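Reader: I'm new to this one, so could you show it to me and let me ask how the labels were decided?

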Amino acid sequence: MELKVGICPMCGCKTEIKNVDVQEMIEDDLYIFKEIEAEVCTQCGERTYSEDEVRKIESNIL
Ligand SMILES: [Zn+2]
């Protein structure tokens, strides 16, 4: 899927950069990541994380 900066991949509406808390359930453990930078769709609320942030999350889990 092609990702365009500022455009929601789900509905094509505008996104804005926000710092959000991310909750992930992984094998019955709840991980909470604070202040993760994400693009949040103003229309449907879909969140898109930058590669750096995803890497940060994964390195905390693994
Ligand atoms: Zn959207």
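Reader: What makes S1 count as hardly covered?

Author: The count of buried residues among the 12 residues of S1 is one. "Buried" has a cut-off: 20 or more other C-beta atoms within 10 Å of the residue's own, with 12 or fewer called exposed, anything in between partly exposed, and C-beta atoms placed from the backbone. One residue in S1 reaches that mark, so the strand is described as hardly covered. Across the protein chain, buried residues make up 5% of the 62 residues.

A word on the source: this is a predicted model, where local features need pLDDT of at least 70 and side-chain atom pairs count only at pLDDT 80 or more, while totals for chains, interfaces and linings use all residues. Residues are numbered from 1 along each chain as its sequence is written.

Reader: How do you know which stretches are strands and which are helices, and how many are there?

Author: They are DSSP runs, numbered from the N terminus: H or I over at least four residues for a helix, E over at least two for a strand. The protein chain comes to one helix and three strands, in the order β-β-β-α from the N terminus on.

Reader: Why are S1 and S2 called paired?

Author: Two strands pair if DSSP finds at least two bridges between them. S1 and S2 (residues 29-41) have 11 and run antiparallel, so they pass. Among the partners, Met25 stands opposite Leu30, Glu24 goes with Tyr31, and Val22 with Phe33. In the hairpin of S1 and S2, with two residues between the strands, Glu27 takes a positive phi near 50°.

Reader: And what makes S2 and S3 a pair?

Author: Three bridges join S2 to S3, also antiparallel, so the cut-off is met here too. One of these bridges links Val40 and Arg47. In their hairpin, which has five residues between the strands, Gly45 takes a positive phi near 85°.

Reader: Why are some strands said to stand at the edges?

Author: The three strands form an open sheet in the order S1-S2-S3. S1 (15-26) and S3 (47-49) each have a single partner strand, so one side of each is left without a neighbour in the sheet.

Reader: What makes you say that H1 packs on the sheet?

Author: Helix H1 (residues 51-61) touches S1, S2 and S3, where contact means C-beta atoms, placed from the backbone, within 7 Å. The direction of H1 makes about 180° with that of S2, on a scale from 0 to 180 degrees between N-to-C directions, with axes fitted to C-alpha atoms, for helices over the stretch in contact.

Conventions
Contact = placed C-beta atoms within 7 Å.
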